[in-house]
Amino acid sequence: MTRADYIAQFDVPSGMLLDCACGSGIQLAAYASRLKRPALGIELDHDRAVASCLNLNTIAERYASFDQGWHRRSLVVAGDGTASDDIASIAGFEPGDIAMLMLDPARPRNSRTHGLDEMQPNLSNVFEAWKPYLSSTSRGPCIVLDLSPRLTQELRDGVEEIVDSFWPGIERTWTWMSRGGGRVDRLELWLGGVSSPGISKRFVRLSRTFGGEDTVIEQHSPVQNPRHGLQSARRNEWVTILDAALVDSGLVDAWMDAQLSSAADVRWAESSPRRPRIHHNGPLKDDSHPFVVASGRVVEILDLPLDLENIDSLVATALENDISAMTIRCGVEADLQPKLQGAIDRQLRNRQGRRKAFLTRHTASNHLLICVQYPQNGDT
Ligand SMILES: C[S@@+](CC[C@H](N)C(=O)[O-])C[C@H]1O[C@@H](n2cnc3c(N)ncnc32)[C@H](O)[C@@H]1O
């Protein structure tokens with residue numbers, strides 16, 4: 001529904017919404033009910049095609065729109081999503097009658113990444129089949145490709161090449177969607193009439209509550225600030241642990257430009273996918289921004305291994321710094337982590353500290369950094 005809401009902002013021409021590999025039909029139903037356009041779903045698997053029909057009915061009823069035109073004129077075909085001419089003759093539509101094409105192809109499971117020719121149905125075949133049937137806007141046809149978040153930059157370039165071979169230079173907006181936790185849940189390419197003018201990339205962090213406000217970052221022209229590595233950690237500098245999905249999308253530079261002044265002198269301590277961390281001068285503009293896992297100022301640098309034996313001295317140092325809670329935010333063996341965190345929590349409980357902090361580790365020297373959060377942010 002979030003995606004359907006975005007698409008509703010554009011001038012989608014009249015006609016059918018086509019999903020040529022519609023699976024359960026849920027996504028198609030979301031678009032159709034929001035845009036109030038008839039849906040055309042095609043699904044190779046017969047049982048799934050039947051399920052799509054049921055889901056379209058259920059959703060049409062749920063949104064009390066059963067008697068609306070879009071539903072009565074919707075259709076699901078059990079067949080090959082590239083057999084456009086056969087389907088056009090069964091369904092009785094003409095070239096130019098399709099308002100929007102969406103494709104969420106099947107792809108191999110269980111592999112970190114996959115080749116473009118493993119997508120079913122294949123992108124080129126789908127474009128070849130449906131190009132004549134797509135209605136056009138002044139910015140070209142409306143197309144949404146739902147791709148795997150696992151696509152590498154090289155494969156994303158490959159997708160763009162295929163698109164350009166059918167619609168040279170068509171405008172495009174890549175969209176990453178995340179429900180948080182550092183994961184990318186969806187990667188989409190929005191083309192032509194549903195691309196955002198001048199915006200090449202967008203990152204959407206979905207709100208935690210249905211209908212709540214999403215957090216969106218957009219990149220107008222490619223920016224890639226030079227990345228400086230961290231040499232040594234210093235007291236009083238700021239440390240921010242970032243949402244891993246934001247870094248993964250390549251939109252982190254656009255975000256940092258908005259959050260930090262040019263004097264911040266950002267140093268990348270760790271660009272590891274799991275816990276990306278930057279060190280910088282001066283605070284973030286918004287340290288409780290949803291892309292911030294934790295942000296704080298280094299108050300202590302300790303040359304200690306993080307183990308149970310050292311918890312007492314860690315806690316003593318935390319108390320000297322007026323700390324009431326300290327979260328471990330560096331790599332620790334999975335079974336040790338809860339023991340260490342439990343010991344810290346127990347010892348700090350009911351003491352006099354007032355500030356929240358987190359503990360991280362300087363990658364090169366292995367020193368522990370105690371970082372105090374100013375002001376206390378929504379870090380959980
Ligand atoms: C990732 S799923 C689509 C999920 C869908 N977006 C939803 O909301 O449930 C991909 C679907 O493509 C179907 N498929 C694969 N090759 C196809 C083809 N040549 N024509 C039509 N459907 C195909 C698969 O059976 C599978 O159900």
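**Entry 1: cysteines**

I looked for disulfides in this predicted model and counted zero. A disulfide is a covalent bond between the sulfur atoms of two cysteines. For the count, I needed two cysteine sulfur atoms within 2.5 Å.

I checked Cys53 next. Cys53 is in no disulfide, and its nearest cysteine sulfur, in Cys22, is 8.5 Å away. Is Cys53 buried or exposed? I found neither: its relative accessibility is 35%, so I noted Cys53 as partly exposed.

Then I turned to Cys330. The closest cysteine sulfur belongs to Cys371, at 9.9 Å from the sulfur of Cys330, which is too far for a bond. Cys330 has 6% relative accessibility, so I noted Cys330 as buried.

**Entry 2: the sheet**

I traced an open sheet of nine strands. I wrote down the order 3-2-1-4-5-7-6-8-9, and the pairing is mixed. Which strands stand at the edges? They are strand 3 (75-78) and strand 9 (215-219). Each has a single partner strand, so one side of each lacks a neighbour in the sheet. On average, neighbouring strands here are turned by 15° against each other, direction ignored.

I followed strand 9 to its partner. Strand 8 (residues 201-205) runs antiparallel to strand 9, and five bridges join them. I picked out Arg205, whose bridge partner in strand 9 is Thr215.

**Entry 3: helices on the sheet**

I saw helix 2 (residues 26-35) packing on the sheet. Helix 2 touches strand 1 (16-19), strand 2 (39-43), strand 4 (98-103) and strand 5 (142-147). Its direction makes about 170° with that of strand 1.

I also looked at helix 6 (residues 123-130). Helix 6 lies across strand 1, strand 2, strand 4 and strand 5. Helix 6 runs at about 170° to strand 4.

Definitions and conventions. Residues numbered from 1 in each chain as written. Predicted model: local features only at pLDDT ≥ 70, side-chain atom pairs only at ≥ 80, totals over all residues. Heavy atoms only, no water. Pairing = 2+ DSSP bridges. Helix = DSSP H or I, 4+ residues; strand = E, 2+ residues; numbered from the N terminus. Axes fitted to C-alpha atoms, helices over the stretch in contact; angles between N-to-C directions. Contact = heavy atoms within 4.5 Å. Buried < 20%, exposed > 50% of the residue type's maximum accessible area, 1.4 Å probe, protein only.
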